[in-house]
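Here is a briefing on one structure. Have the sequence and the coordinates open while reading.

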Amino acid sequence: MKAQQSLVISKLLPYILSFLGVVASVGILLALIGKNPFEGYRILLSSSLGSPGSLSLTLLDFVPLFLMALAFVVPLRAGKYNVGNEGQFLLGAVGAVTVSFVLPNLPSVIGIPLLLVAGMAFGSLWAVVPAFLLYRFRVNEIVSTISMNFIAYYLVLFVTTGPWHNPLVGYPQTNQIGSNYILPSLVRTPQIGTGLIITVLAAAIVYFYISKTPAGFELRAVGANPRASLVYGIKSNFVSAMSIVQGAAIAGLAGAIQVAGLLFSLQYGMQGNYGLLSLVPALISASSLIGVGLISFFIAVIDTGTSALQGVLGVPYEIGLLIESLLLLLILLAKGYGGSNR
Amino acid sequence: MVQDAGGSVEANEGIEESDRTANNPLVSMRSVVKRFGSILALDHVDIEIMLGEVLALLGENGAGKSTLMNILSGLYRADEGEILFEGKPIVVRSPRDAIVRGIIMVHQHFELIQNFTVLENIIIGTGSNEKGKEKSVRKEVEKLAAENNITLDLDARVKGLPVGVQQKVEILKALYRNPKILILDEPTSNLTPQEVDSMLSTIRKLAEKGYAVIFITHKVREALAVAKRITILRNGHVMGKFSSSEVTADSLVEMMMGAKPSSNLESSSHTSPPSAEPLLTLSDVRTGSSKGRITLKDINLTLNPGEILGIAGVSGNGQKELVEAIMMLRKPTHGSVRLLGVDPMRLSTKEIIELGVSYIPEDRLDDGILPSMTLYENMVLGSHDIEPFSKRWIMDRDAMIETTRDAIERYRIYPPQSEARVGVLSGGNIQKLLVGRALLSRPKVILAHNPTRGLDTRTTDLVLRNLVAQSRENGAGVLLLSEDLDELISVCDRIAVMFRGEVVGVLDRQQMDRYRIGAMMAGGATA
């Protein structure tokens, strides 16, 4: 029992130390640019966790981040790196606005599910190209999915400046989707929406798929040893290619939720840093979805808190990015240290 | 407790003089203890090594032979005990400490550079490859080889040399480093009987030349043939020390295994109804060429119900390609296959498994296991999506664990936990897992490639018995590919010999003769 306790502590210790490291370096950074570090800490925490309103902001950040992390984790379990989740996210958003503009008068009961399914379908279709290239020609999926990201950026630019362009804003952005397509809120102000519930549900389905079904078994088997999987009758190449398509569906869902739950339109640049940030929880905790969720939430807290720092203390935007990057580096360091200690 | 060399030299100075006299050991290892975690690998082991004789270290896999010699050669350090060299305690902290005293070990896995010539491999790392020295170095190596009756083409590339020849390159390489003690770890594994004879005579001559040779082996016959003294290890204990003239093979086996060896497997020979349709027929099967792989050339084989068909051959003569062709992992480019009444050419590997074919791959790490997954998940690989392990698209964890517990018990898999990750298992335990998995359902055809490699005698026996039972009682056909001729001869109804991708002959029981098979394995004779 005691040994177990000390094991837990020795595993957690690097993470605690790295967290303290982040806190210290944030303080130093703030002091260097002439701000009061303790004021900074207070704002960071209160603006992300301090009130129901700020918590809801954090959760709004958490939803796409967690889904994007799942979109990366599913293929990762099959040994594939879906760095294209960003482009798939954008395609999901394109799918969502497409449904709302092509079929503007559907009742919500049909319309919203259709919008979400369209998001997943568009996201998946975007991944079919890299998946096929991987399956047929063994083209490295990292290269091909990144390339697809660039195409996605310009596709979004095309859609947001095309016929659906909203002329009232001086920015590449579409008109708003109809109110029949907007995800209902559970709490009205601020919005805590159905998006969170869909996200939790999606995570539960992913968990069930990966750990309870034969298809999920094959996914993990291919990730563990593609050659042995092949020898024992699993079509390794097909499974690993399909894993990217499956992950892409989740990324597409994230894009659709972002449109229907938060932005209500397709906007150029709406992917933010979600693609890159999502790699962190996925890579740190690939084997545990709960871990992916916790780390995603943690990152959402920092993300929300540092953007408040910009607003309240006038801290430059770059400092916020710097803090996030530091955090990621230190978490990875902690993981590396904990890993070598096991 | 390993003594500090510096402090003890003085204290032992008196002994030094008397140790110079004949018949005193060159090296004594005293009370050596070595633990790996909670496992006691060596428990107060004493051995003595004399110049000018062969000492056989006899024991099963895992008995501690290699561990003991790895301590002497500086790869491991003992937890307790001491090493006396010429009567003085020494500390061996690294292989370098051993090498400077002339202790050199030739490991079981070759460390030769495949693209270098024999000569380059022999002199590598000794500084002898400087310009201008080539001629004198070559003369030196030639002289050394001649003195020890080793014939080698010094300019041949190591790649492509038979295993027996590579083993001799390793020995000559060790001799070039001017050893007093030469440790040979299972130098006869993978050799044909002819190559074994030649190796044993080389070893005998090395001892006559005055070297101390330590011959690590699990083969009683070879130990008796070559060694003057035999030390038996079992489970990290010395079970006895004998002069080879005073013991019999039977008593050695008994001491090695701790029990009487089980009765012979041969007795249950096979009589299949001649009318029965073969389970597997290969006609003129060829495979395409791919890098580093042998191509099969016009293979014709049949496997009958209830029959064990052995495939003998030196490793790398097409055995792996043969089973892969049957599993459709490597589609034949020519010829035809008939498997369990169907043409498998258009079937996937999965469909072949579903027909009732089970496969124990040779390369257990690459082809056999999912290292990061649990024992029970590995156990069901291949039948993970059918009953009882999957019902209506959901896997049944309890069913998997129950089956795994049975296999753990039956094959004594360690650690005995279904949830343990397979990556932590030793090679022998992984092999047990693969065998357990292959015999899970009642297979109709079993392709077993080196199924007993790395197993102790008792488990080897259990595995062979299971294979025999599958064929005799359930009418399964077993294709047993093995490099161990004794194993093949003991259980097979027929043995096909492969050489460079061809079946050079098929022998039935009356024709099974070790030397004849050995000659065929070397490409020297046909049936």
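Is Arg397(B) buried, partly exposed or exposed? Arg397(B) is partly exposed, because its relative accessible area is 37%, between the 20% limit for buried and the 50% limit for exposed. The model is predicted. The points below start from this residue, go through the salt bridges and the interface, and end inside each chain.

**Salt bridges within chain B**

- Arg397(B) pairs with Glu419(B) in a salt bridge, with the closest N and O atoms 3.1 Å apart.
- The two residues are 22 apart and link distant parts of the chain: Arg397(B) is in helix α15, and Glu419(B) is in the loop between α15 (397-411) and α16 (427-438) of chain B.
- Glu419(B) is also partly exposed, at a relative accessible area of 43%.
- A second salt bridge joins Lys228(B) to Glu53(B), at 3.7 Å between the closest N and O atoms.
- This pair spans 175 residues: Lys228(B) is in the loop between α9 (220-226) and β9 (229-234), while Glu53(B) is in the loop between β2 (39-49) and β3 (54-58) of chain B.
- The two ends differ in burial. Lys228(B) counts as exposed because its relative accessibility is 53%, over the 50% limit. Glu53(B) counts as buried because its relative accessibility is 8%, under the 20% limit.
- A third salt bridge connects the side chains of Lys209(B) and Glu147(B), at 3.6 Å from N to O.
- Here the partners are 62 residues apart: Lys209(B) is in the loop between α8 (193-208) and β8 (212-217), and Glu147(B) is in helix α6 (residues 134-147) of chain B.
- Lys209(B) is partly exposed at 43% relative accessibility. Glu147(B) is partly exposed at 35%.
- Over all chains, a search of the whole structure finds 26 salt bridges.

**Interface of chain A and chain B**

- The size of an interface is often given as the accessible area lost when the parts come together.
- For chain A and chain B the buried area is about 2000 Å², and carbon and sulfur atoms give 64% of it.
- On the chain A side, Pro214(A), Phe217(A) and Tyr232(A) lose the most area to chain B, together 36% of what that side buries.
- In terms of contacts, 19 residues of chain A meet 30 residues of chain B.
- The rule finds 3 salt bridges across this interface.
- Arg220(A) forms a salt bridge with Glu377(B), the closest N and O atoms being 2.6 Å apart.
- There are also 11 residue pairs in polar contact across the interface, with both residues at pLDDT 80 or more.
- Three helices of chain A, α7 (194-212), α8 (214-224) and α9 (226-231), each supply at least two residues of the side that touches chain B.
- α8(A) gives the largest share of that side, 6 residues.
- A network of salt bridges links Arg227(A) with Lys320(B), Glu324(B), Arg330(B) and Asp367(B).

**Helix α5 of chain A**

- At 1.5 Å a residue, the 30 residues of α5 (residues 108-137) should span 44 Å; the end C-alpha atoms are 43 Å apart, so the two values agree.
- The helix has a kink of about 35 degrees at Val128(A), shortly before the proline Pro130(A).
- After α5(A) comes Arg138(A), with a positive phi near 55 degrees.

**Leu70(A)**

- Leu70(A) is a residue of helix α3 (residues 52-77) of chain A.
- Leu70(A) counts as buried because its relative accessible area is 0%, under the 20% limit.
- Neighbours within four places in sequence aside, Leu70(A) is in contact with Ala203(A), Ile250(A) and Leu289(A).
- The C-alpha atoms of Leu70(A) and Ala215(A) are 17 Å apart, with the two positions 145 residues apart along the chain.

**Asp493(B)**

- Asp493(B) is in the loop between α18 (485-491) and β20 (494-499) of chain B.
- Asp493(B) is buried, with a relative accessible area of 7%.
- A polar atom of the Asp493(B) side chain lies 2.8 Å from the backbone nitrogen of Ile308(B).
- The side chain of Asp493(B) also makes a polar contact of 3.3 Å with the side chain of Arg472(B).

Notes:
Residues are numbered from 1 along each chain as its sequence is written. Chains are lettered from A and ligands numbered from 1 in the order in which they are written. This is a predicted model: local features need pLDDT of at least 70, side-chain atom pairs count only at pLDDT 80 or more; totals for chains, interfaces and linings use all residues. Side-chain values use heavy atoms; hydrogens and water are left out. Helices (H or I, at least four residues) and strands (E, at least two) are DSSP runs, numbered from the N terminus. The expected span of a helix is 1.5 Å times one less than its number of residues. The bend at a residue is the angle between axes fitted to the seven residues ending there and the seven starting there. Buried means under 20% relative accessible area, exposed over 50%, partly exposed in between (1.4 Å probe, protein chains only). A polar contact is a pair of N or O atoms within 3.5 Å; within protein, one must be able to donate a hydrogen and the other to accept it, and residues adjacent in sequence count only if both atoms are side-chain atoms. Contact means heavy atoms within 4.5 Å. Buried area is the accessible area (1.4 Å probe) that two parts lose on being put together, summed over both. A salt bridge is a side-chain nitrogen of Lys or Arg within 4 Å of a carboxyl oxygen of Asp or Glu.
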